[in-house]
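Me: I'm new to this one and would like a quick tour. Could you walk me through it?

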Amino acid sequence: MTAVLWVGLSVSAQGFESSKRCEECHSGIYSEWKDSMHALSYSDPVFQSVFVSVKVPRDRQWCQECHAPVSAQVRDYDLKQPISREGVTCDYCHSVTQALPGDTSAGRIRLQVGDVKRGPFPPEELTEKGHKNAHSPLHLKAEFCGACHEVVNRHGFHVMSTYSEWKQGSYAGSGIACQNCHMPEDIRFPIVDAHVVPTTKTVTSHASLGGHSQIRVGNAATISVLAERTAAGAEAVVYVTNSESGHSLPTGIPARKLLLTVTLSDANGKPVRSQELEYRRAIADTTGKEITNDRIDEMFLNAARVLSDNRIAPKETRREIIHFEPPLPEEGATVEAKLQYVFLPPLPGGAGMRFLMAAATAELKARTAPVWRQGGAVAALLVAVGFLTWLALRRRRTTGGGTA
Ligand code: HEC
Ligand code: HEC
Ligand code: HEC
Ligand code: HEC
Ligand code: HEC
């Protein structure tokens with residue numbers, strides 16, 4: 001490619017270069033990034049379907065700070081420059097010098113745009129054919145991602161708290177950052193194309209797989225189930241573990257939830273009873289009224305407090321007990337527990353996401369009396385006997401006193 005063509009492709013908006021320019025030498029990374037939610041952060045139809053209902057210019061500019069960050073940086077809020085519509089683009093991320101998650105001042109994210117590209121390698125390990133390089137330890141830290149993945153609105157409310165969920169969870173302490181999970185090494189591509197510089201260094205994935213990826217979500221949770229008949233029907237014990245996710249499950253925008261469905265079926269596999277349980281974060285506006293999924297714009301702009309939050313923390317296991325009332329099928333009954341990831345944004349046509357995350361089935365066992373239960377019954381009996389004796393003694397004393 002000629003230098004002339006690069007000039008033609010790169011749109012210089014205060015020094016930002018188009019991703020097309022980067023593609024000339026980093027075609028592997030470009031091929032991963034171009035289909036990522038970062039590349040689509042502005043054009044994403046889900047974002048657009050909500051963004052159209054945001055009317056106040058100041059509010060729209062706020063959305064653009066993360067969804068079209070170049071436009072906010074160069075104050076091209078009408079997105080006249082093509083580069084403003086590239087979403088979270090290469091040159092934006094590789095110009096970041098400061099990132100303060102949750103900060104609401106202008107210092108939340110700072111950039112130095114120009115000839116120097118900031119990345120994970122020290123310059124002495126690289127050739128500077130194309131641009132200068134600077135070693136940026138920040139690019140390997142969660143704070144870098146947290147600058148956008150911790151959304152604090154004008155009420156000081158944390159609309160999305162992926163970064164702080166990570167920070168409070170078990171991964172932060174063991175030094176496992178967002179990049180470790182979301183940007184794994186990808187040995188298919190060299191960091192720069194062979195025609196530019198031959199290198200043995202391979203890329204870290206720029207596909208940023210998350211909630212829009214069935215593969216990523218499919219691995220995030222594990223589930224197991226035990227089921228037994230009881231005196232009053234049947235009881236299923238379901239264990240749901242956030243085994244792989246580095247933050248709450250689910251994280252991100254509050255319109256996402258997990259749905260646990262526990263179904264009891266007869267010997268022919270015909271469902272006879274079913275119960276559901278949701279894991280989600282419910283939020284309310286300043287008046288305390290819940291903001292529902294059909295008002296995602298309100299979630300961002302006007303959420304002011306948490307009504308409830310039963311999402312599953314990193315590495316946490318939930319134990320859910322589900323009761324089924326009689327009559328129940330005889331021999332051969334089974335109980336299935338199914339965990340689904342649900343995100344139903346108000347898209348025209350009602351398109352949404354519903355992924356199966358994990359499932360497990362158990363036979364409905366005959367009633368046993370496990371030792372702990374017998375022990376529990378004996379203890380309860382002793383407590384009851386003790387209480388009755390105490391009550392009887394007490395009564396005798398008062399009656400005695402009263403009649404004397
Ligand atoms: C003319 C070719 C060329 C173009 C165009 C180009 N790069 Fe590079 N880039 C390189 C080379 C060469 C290296 C060093 C590779 C090596 O020596 O192994 C590099 C390295 C990098 C690094 C690693 C820096 C570090 O210190 O870890 C980043 C980040 C980077 N480029 C970003 C970009 C971005 C963003 C663009 C588009 C705005 C871009 N590059 C455009 C050739 C190019
Ligand atoms: C400049 C702001 C910005 C930075 C910095 C940033 N992101 Fe994002 N990211 C976004 C936006 C905006 C979206 C949502 C796009 C959409 O769905 O409309 C997103 C989407 C994602 C998704 C996809 C979510 C899904 O639902 O599929 C993942 C995963 C992700 N980012 C991870 C990261 C990681 C890891 C880092 C740090 C290496 C990072 N992001 C840095 C703004 C940013
Ligand atoms: C959301 C921010 C973000 C975007 C967008 C992004 N990068 Fe990166 N990039 C990173 C981070 C963070 C690393 C370091 C990852 C690591 O080493 O764990 C990185 C690493 C790199 C490296 C060093 C080699 C490697 O893969 O680790 C190059 C070169 C690079 N990026 C180029 C690009 C190009 C070209 C684009 C656009 C096609 C791009 N980046 C888009 C954040 C981003
Ligand atoms: C231990 C691995 C791990 C770490 C660390 C991790 N994530 Fe994730 N992330 C996942 C998995 C697995 C999923 C898919 C399941 C889910 O939605 O939680 C995911 C999903 C996401 C999503 C999609 C949200 C959704 O609900 O659809 C975003 C955005 C995201 N992560 C960003 C981040 C950011 C930002 C950090 C760092 C602050 C981070 N992740 C740290 C594993 C990790
Ligand atoms: C501080 C950064 C930030 C600001 C400000 C912000 N967002 Fe986002 N938004 C994100 C990130 C990061 C994600 C992706 C997280 C995820 O998918 O879990 C996202 C996701 C979304 C999604 C879901 C997209 C999808 O496909 O799943 C919608 C819709 C959305 N934002 C709308 C808005 C609107 C409207 C505004 C302004 C009123 C706004 N956002 C302001 C960072 C921001």
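Reply: Sure, and one term first: two strands pair if DSSP finds at least two bridges between them. Keep in mind that this is a predicted model.

Me: Then which residue of S14 is the bridge partner of alanine 284?
Reply: Strand S13 covers residues 281-284, and it runs antiparallel to S14, with four bridges joining the two. One of the residues with a partner across the way is alanine 284, and its partner in S14 is arginine 305.

Me: How many of the five residues of strand S14 are buried?
Reply: A residue needs 20 or more other C-beta atoms within 10 Å of its own to count as buried. Strand S14 spans residues 305-309 and lies largely in the open, because the number of its residues that are buried is zero.

Me: How does the chain look overall, and what share of its residues counts as buried?
Reply: The chain holds 14 helices and 17 strands. Among contacts with a separation of 6 or more, 58% are between residues 24 or more positions apart. Of the 404 residues, the buried share is 30%.

Me: Which element gives the largest share of the shell around ligand 1?
Reply: There are 28 residues around ligand 1, and Cys22, Cys25, Gly119, Phe121 and Gly130 come nearest. Helix H2 (19-23), helix H7 (90-93), strand S3 (116-119) and strand S4 (132-135) are the elements that give two or more residues to that shell. By class, the shell has 12 nonpolar, nine polar and seven charged residues. The largest share, three residues, comes from S4.

Me: And which element gives the most to the shell around ligand 5?
Reply: Here 23 residues surround the ligand, with Val46, Cys63, Cys66, Gly252 and Phe300 nearest. The shell takes at least three residues from each of domain 1 (3-204) and domain 2 (214-365). Helices H4 (45-51), H5 (57-67) and H13 (296-302) each supply at least two residues. With six residues, the one that gives the most is H5.

Me: What classes of residue make up that shell around ligand 5?
Reply: Sorting the shell around ligand 5 by class gives four charged, four polar and 15 nonpolar residues.

Me: Which exposed residues sit on the face of H5 turned away from its buried side?
Reply: Start with the buried ones in H5: Gln64, Cys66 and His67. They cover an arc of only 165° around the axis, so they are on the same side of H5. What covers them includes H4 and helix H6 (69-73). The face turned away carries the exposed residues Pro57 and Arg58.

Me: Which residue does a cis peptide bond join to leucine 249?
Reply: Most peptide bonds are trans. The bond here is cis, with omega about -5°, and the residue after leucine 249 is in the loop between strand S10 (233-242) and strand S11 (256-265). That residue is proline 250.

Me: What is omega for the peptide bond from proline 326 to proline 327?
Reply: Proline 327 lies in the loop between strand S15 (317-324) and strand S16 (334-343). The bond leading to proline 327 is cis, and its omega is near 0°.

Me: Is arginine 75 buried or exposed?
Reply: Arginine 75 is in the loop between H6 and H7, and its phi is positive, near 55°, in a residue other than glycine. It has 11 C-beta neighbours inside 10 Å, so arginine 75 counts as exposed.

Me: What is the phi of lysine 315?
Reply: Lysine 315 lies in the loop between S14 and S15. It is partly exposed, with 14 other C-beta atoms within 10 Å. Although lysine 315 is not a glycine, its phi is positive, at about 70°.

Terms used:
Residues are numbered from 1 along each chain as its sequence is written. Chains are lettered from A and ligands numbered from 1 in the order in which they are written. This is a predicted model: local features need pLDDT of at least 70, side-chain atom pairs count only at pLDDT 80 or more; totals for chains, interfaces and linings use all residues. A residue is buried if 20 or more other C-beta atoms lie within 10 Å of its own, exposed if 12 or fewer, and partly exposed in between; C-beta atoms are placed from the backbone. A residue is near a molecule or strand if its C-beta atom, placed from the backbone, lies within 6 Å of it. Ala, Val, Leu, Ile, Met, Phe, Trp, Tyr, Cys and Pro count as nonpolar, Asp, Glu, Lys and Arg as charged, and the others, Gly among them, as polar. Domain bounds come from an automatic or database domain assignment. The arc is that of the directions from the helix axis to the C-beta atoms. Two residues are in contact if their C-beta atoms, placed from the backbone, lie within 7 Å.
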